[in-house]
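Please look through the structure shown below with its sequence beside it, and follow the paragraphs that come after.

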Amino acid sequence: DETVTPGGARLLRAWILNPLSEVEAIRSRLSTVRFLVERGPLQSALRDRLGRISDLDRVAARLEVGVASPRDLG
């Protein structure tokens, strides 16, 4: 696991626990991975930017129940 965000880690876990079974969906995912692997600088820039984003799923959940703090919103 080399994810840089909590959301990325959750997504990876979901993908591992619920693998794709349709060939076209598998090919589409592999195509996306290949695109990023072949473009190292783009991949690095994307990882850097994603690493600076807070856990949006958790912030949204805190907003929904009305317990989000100013720090959460920052």
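Is R39 buried, partly exposed or exposed? In this predicted model, R39 counts as partly exposed, because its relative accessibility is 34% and the class of partly exposed residues lies between the limits of 20% and 50%. R39 is found in the loop that runs between α2 and α3, and a polar atom of its side chain lies 3.1 Å from the backbone oxygen of F35. With respect to T5, which is 34 residues away along the chain, the C-alpha atom of R39 is separated by 20 Å from the C-alpha atom of T5.

A second loop position can be read in a similar way. D55 is placed in the loop between α3 and α4, the latter covering residues 56-65, and D55 is classed as buried because its relative accessible area of 14% falls under the limit of 20%. The side chain of D55 takes part in a polar contact of 2.7 Å with the side chain of R10, and the side chain of D55 also makes a polar contact, at 3.1 Å, with the side chain of R58.

From the loops we turn to a helix position. G8 belongs to helix α1, and G8 is counted as partly exposed because its relative accessibility is 22%, whereas a residue is called buried when the value is under 20%. Between G8 and G51, which are 43 residues apart along the chain, the C-alpha atoms are separated by 9.9 Å.

Next comes the largest pocket, whose volume is about 590 Å³. Its lining is made up of 18 residues, and those closest to the pocket centre are T3, W15, L36, R47 and L50. Three helices each give two or more residues to this lining, namely α1 (6-17), α2 (23-38) and α3 (40-51). Sorted by class, the lining of the largest pocket holds nine nonpolar residues, six polar residues and three charged residues.

W15, one of the residues closest to the centre of the largest pocket, also leads to the aromatic rings of the model. R29 lies over the face of W15, at a distance of 3.6 Å from the ring centre. How many aromatic pairs does the model contain? The count comes to zero, under a rule that pairs the rings of Phe, Tyr and Trp if their centres lie within 6.5 Å.

Notes:
Residues are numbered from 1 along each chain as its sequence is written. This is a predicted model: local features need pLDDT of at least 70, side-chain atom pairs count only at pLDDT 80 or more; totals for chains, interfaces and linings use all residues. Side-chain values use heavy atoms; hydrogens and water are left out. Rings of Phe, Tyr and Trp (its six-membered ring) pair if their centres lie within 6.5 Å; planes under 30 degrees apart count as stacked, over 60 as edge-to-face and the rest as tilted. A charge sits over a ring if NZ of Lys or CZ of Arg is within 6 Å of the ring centre and within 35 degrees of the ring normal. On a 1 Å grid over the protein atoms alone, a cavity is a set of points where a 1.4 Å probe fits but cannot get out, and a pocket is an open set with protein on both sides within 12 Å along at least five of seven lines; lining residues have an atom within 4 Å of a point. Grid points are joined across faces, edges and corners, and a volume is the space filled by probe spheres set on the points. Helices (H or I, at least four residues) and strands (E, at least two) are DSSP runs, numbered from the N terminus. Ala, Val, Leu, Ile, Met, Phe, Trp, Tyr, Cys and Pro count as nonpolar, Asp, Glu, Lys and Arg as charged, and the others, Gly among them, as polar. Buried means under 20% relative accessible area, exposed over 50%, partly exposed in between (1.4 Å probe, protein chains only). A polar contact is a pair of N or O atoms within 3.5 Å; within protein, one must be able to donate a hydrogen and the other to accept it, and residues adjacent in sequence count only if both atoms are side-chain atoms.
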